Amino acid sequence: MSAERRSADVIVIGGGIHGCSTALHCALRGFSVILIEKDHAGRHASGVNAGGVRQLARHVAEIPLSNTSMAIWHGIAALIDDDCGFTSDGQVLVAENDADLAGCRARVEDLNLRGFHHEEMIDARELREIVPAVSETCPGGVISRRDGAAIPLRATQAFKRKAAEMGATIREGVKVTKVERDGANWRVVTDAGDFLSPRIVNAAGAWADRIAADLGEPVPLEVIAPMLMITAPMPAFIKPVVILRGRKLSFKQFGNGTVLIGGGYLGRAIRDENRTILDWGKLATNAKTVWDLFPIMRGAPILRAWAGIEARMPDDLPCFGPSARHEGVYHQFGFSAHGFQLGPGAGAVMAEIIATGHSNVPIDGLDIARFTASAVH
């Protein structure tokens with residue numbers, strides 16, 4: 001019967017980890033919820049990213065949201081009945097030279113002055129204790145010890161299942177074509193009919209700019225396709241996730257021995273065809289970074305490469321929070337290839353904002369108004 005529901009207290013547009021988390025947290029607060037997803041939950045960025053659960057190296061504006069989310073990740077199974085493959089072996093930002101290390105030190109000192117202490121400097125000796133296979137030339141780095149990784153599609157699907165269990169109606173394979181005001185409600189027009197709600201959450205990822213434009217809040221969203229590679233299984237040699245400050249790299253070995261290689265090199269996204277085109281030259285550059293940093297990897301065969309469709313904002317920060325123009329409209333998109341870790345906490349914070357009008361977690365600097373000159377304050 002619930003599958004036929006056409007109205008609810010909250011409609012969430014988009015079934016990535018953010019949309020599914022917000023649907024769950026709204027349901028936990030007693031709202032009736034409809035989640036609408038044009039494909040299946042986790043089909044795009046939320047299901048095909050590197051799975052990094054990372055506080056490390058975030059923009060200061062994201063850190064409160066990231067801290068909130070990390071607390072949820074460490075109890076994720078209690079929330080959604082699935083540990084999502086979450087492991088917490090830390091993440092390490094490796095400095096490749098002394099200039100890198102000086103930049104790391106300056107950042108950590110700045111964070112400490114702001115009251116954030118999750119990032120710690122490590123010297124060359126401790127770096128090699130934690131990451132024995134790293135090149136001998138690296139002088140140290142930064143560690144965030146509670147960080148880790150999870151399995152993206154599994155996590156997104158688990159949030160979807162728990163939201164449905166809590167009463168949310170999940171409509172997959174339903175494409176939103178327009179959003180418009182209808183009296184006291186918002187009308188969400190789809191290829192499966194219209195849905196009504198006084199509150200809508202725009203969590204539509206790489207398609208969110210079209211909904212924002214319908215609402216008179218156009219944003220300069222860029223559609224990107226971050227690429228990833230995975231190797232054949234290798235003997236275990238690294239536990240934490242490794243990232244770089246200068247050259248792009250995100251590097252993680254799974255329990256089965258396979259190694260995931262990413263870092264943000266971009267292919268080409270064709271969003272209206274739901275497909276991506278890989279850039280093999282950039283993938284070769286990505287592989288060369290691994291060759292330089294981890295000599296143990298030089299014989300590892302690459303089995304597969306892929307890319308997801310993601311939204312990037314010009315300042316690499318999401319649009320998160322209430323609309324600048326409309327009552328009952330909330331934006332949650334543009335996570336710029338680093339939104340997976342934020343999903344659990346962002347859903348909780350968004351539900352709090354919807355329910356109470358504010359959040360105890362600071363989200364300053366994430367408002368969509370920074371892009372909309374015509375914003376009404």
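**Exercise 1. Describe how domain 1 and domain 2 are placed and joined.**

Step 1. The centres of domain 1 and domain 2, taken over C-alpha atoms, are 29 Å apart. The model is predicted: local features need pLDDT of at least 70, side-chain atom pairs count only at pLDDT 80 or more, and totals for chains, interfaces and linings use all residues. Residues are numbered from 1 along each chain as its sequence is written, and side-chain values use heavy atoms, with hydrogens and water left out.

Step 2. Domain 1 consists of 10-65 + 152-220 + 314-371, and domain 2 of 91-145 + 226-307. These bounds come from an automatic or database domain assignment.

Step 3. Count the contacts (heavy atoms within 4.5 Å): 22 residues of domain 1 touch 22 residues of domain 2.

Step 4. Take the buried area, which is the accessible area (1.4 Å probe) that two parts lose on being put together, summed over both. For the two domains this is about 1700 Å², with 57% of it on carbon and sulfur atoms. On the side of domain 1, Ala50, Leu56 and Ile63 lose the most area to domain 2, together 32% of what that side buries.

**Exercise 2. List the polar links between the two domains, and the parts of domain 1 that face domain 2.**

Step 1. A salt bridge is a side-chain nitrogen of Lys or Arg within 4 Å of a carboxyl oxygen of Asp or Glu. Between domain 1 and domain 2 there are two salt bridges.

Step 2. Polar contacts are pairs of N or O atoms within 3.5 Å; within protein, one must be able to donate a hydrogen and the other to accept it, and residues adjacent in sequence count only if both atoms are side-chain atoms. Nine residue pairs across the interface, both residues at pLDDT 80 or more, satisfy this rule.

Step 3. Helices (H or I, at least four residues) and strands (E, at least two) are DSSP runs, numbered from the N terminus. Strand E3 (52-53), helix H3 (63-73) and helix H8 (208-214) each give at least two residues to the side of domain 1 that touches domain 2.

**Exercise 3. Locate Asp39 and name its partners.**

Step 1. Asp39 lies in the loop between strand E2 (33-37) and helix H2 (45-48).

Step 2. Beyond its neighbours within four places in sequence, Asp39 is in contact with His44, Glu172, Gly173 and Asn274.

Step 3. With Asn274, the side chain of Asp39 makes a side-chain polar contact of 3.0 Å.
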